[in-house]
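User: I'd like to learn how to read a structure like this one. Could you walk me through it, starting with burial and salt bridges?

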Amino acid sequence: MPELPEVETIRRDLAARIVGRSIAEVEVPDPAIFTGYKRGSKAPKDISLNGFVRDLKGKTILHVLRFGKYLIFEFKQEGALILHLRMTGQLLVDPEQFKARLRLVLTGAPNLVLVFQDQRRFGEVAYAQNWRLFEPLAKLGPEPLNGGLSPEHLRSKLKFRSASIHSLLLNQRIIAGLGNIYANEALFHSGIRPERCGNSISGKEASALCANIQKVLDQSIASRGYSMSNYVDTFGKRGAMQNHSWVYDWEGDPCRKCKTLIVRRILCGRSVYFCRKCQR
DNA sequence: AGCAGGACCTGATGGC
DNA sequence: TGCCATCAGGTCCTGC
């Protein structure tokens, strides 16, 4: 899953642990981890395994940044490593947790091994001389937690859209960092049904959505993320946000506000959970 | 342009 | 126990 709160939890842990450290060794057990390098296809022209290893070796990590669900290791010398965990990616520093599907291994002397482990192999990494020019980052919408997301922005992005509000909230060009869990939760707290058209959202509802998006993300960061099956932090520890969700994964259970049974439905190929009475 | 649906992968789970 | 179908938190691509 990792959505914004999970990636932010990882970022904070890593920032405390790897800033100022240098990369001594680089192993790439699964080259398909490179952005654009798909299984069965040839590597794109601008990607070479040897070049990648050469780019990273000896670099000192200056900052660990996050934009949406992307993590960025910015180097002191030049360049940056950009990572996306997609559905099942994990970044681990505890060797006890290294199991299978290791895709990238960074070693920093002394006593640091960072592993990108990824069951479904959807995760990706890229090296960029200047991460600010990395296209997927440039396309991201505003960050919900640094004041960049306003009701006016949201309303203007939804105003002429006929797609469901749920799928629009998952659109990273509109808001960076939301995924299915927090989209469902924010819609519940705002009293909005997931299948409502974007253009039906009023100014008042957009304000409520903004506030509730920030609320659920903040709460999840405080809980160190939502652990369903795969997500764990860099030490392999689960988060606790699943204990604080109101609708996500609660199909058939009574709504905590009104006791109406929570409904699950498939919308655009994704599971949505909602309360028929609390959400209109 | 914007939308829905499928593809990308693997492992866990549930039904028979 | 064993096999098969179904499902999963993200994003990109395709065709309409």
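Analyst: Let's start with a yardstick: a residue is called buried under 20% relative accessible area, exposed over 50%, and partly exposed in between. Keep in mind that this is a predicted model.

User: Okay, how does Glu 135 in chain A count by relative accessibility?

Analyst: Glu 135 counts as exposed, because its relative accessibility is 52%. Its salt-bridge partner is Lys 139, with the closest N and O atoms 3.7 Å apart. Lys 139 sits at 40%, so it counts as partly exposed.

User: What about the chain as a whole: what share of its residues is buried?

Analyst: Of the 280 residues in chain A, 52% are buried. The accessible surface is about 13100 Å², and carbon and sulfur atoms own 50% of that.

User: How do I read the radius of gyration of chain A?

Analyst: You hold it against what a compact globule with that many residues would have. For 280 residues that is near 19 Å, and chain A has 20 Å, so the two agree. If you prefer a box, the C-alpha atoms fill one of roughly 55 × 40 × 35 Å along the principal axes.

User: How many helices and strands are there, and what share of the contacts links residues 24 or more positions apart?

Analyst: Chain A has seven helices and ten strands. Among contacts with a separation of 6 or more, 64% are between residues 24 or more positions apart.

User: Back to salt bridges. How many does the structure hold?

Analyst: The count is 16. The cut-off to remember is a side-chain nitrogen of Lys or Arg within 4 Å of a carboxyl oxygen of Asp or Glu. Take Arg 103 and Asp 118, whose closest N and O atoms are 2.8 Å apart. This pair links distant parts of the chain: Arg 103 belongs to strand S6 (residues 102-108) and Asp 118 to strand S7 (residues 112-118), 15 residues apart. Both partners are buried.

User: Which parts does the salt bridge between Glu 195 and Arg 265 tie together?

Analyst: First, the bridge itself: the two side chains, Glu 195 and Arg 265, meet at 3.4 Å, N to O. Glu 195 is in the loop between helix H6 (180-190) and helix H7 (203-222), while Arg 265 is in strand S9 (residues 262-267), so the pair ties together parts 70 residues apart in sequence. Glu 195 has 32% relative accessibility and so counts as partly exposed. Arg 265, at 35%, counts as partly exposed too.

User: Which residues are linked in a network of salt bridges?

Analyst: Glu 8, Arg 11, Arg 12, Arg 66 and Glu 143 are linked that way. As for charges overall, chain A has 43 positive and 26 negative ones, and their mean positions lie 5 Å apart.

User: Now a helix. Which residues of H2 are buried, and what do they pack against?

Analyst: In H2 (residues 49-56), the buried ones are Gly 51, Phe 52, Val 53 and Leu 56. The buried residues of H2 pack against strands S1 (25-27), S3 (70-75), S4 (80-84), S6 and S8 (124-128). Just after H2 comes Gly 58, with a positive phi of about 85°.

User: And a loop: where is Asp 94, and which residues does it touch?

Analyst: Asp 94 is in the loop between strand S5 (89-92) and S6. Leaving aside residues up to four places away in sequence, Asp 94 touches Thr 234 and Phe 235. The C-alpha atoms of Asp 94 and Thr 234 are separated by 7.1 Å, though these residues are 140 residues apart along the chain. With 23% relative accessibility, Asp 94 counts as partly exposed.

Technical notes:
Residues numbered from 1 in each chain as written. Chains lettered and ligands numbered in written order. Predicted model: local features only at pLDDT ≥ 70, side-chain atom pairs only at ≥ 80, totals over all residues. Heavy atoms only, no water. Helix = DSSP H or I, 4+ residues; strand = E, 2+ residues; numbered from the N terminus. Rg over C-alpha atoms; globule rule 2.2 N^0.38 Å. Buried < 20%, exposed > 50% of the residue type's maximum accessible area, 1.4 Å probe, protein only. Contact = heavy atoms within 4.5 Å. Areas by Shrake-Rupley, 256 points an atom, 1.4 Å probe, with all protein chains shown as cover. Lys, Arg positive; Asp, Glu negative; His and termini not counted. Charge placed at Lys NZ, Arg CZ, Asp CG, Glu CD.
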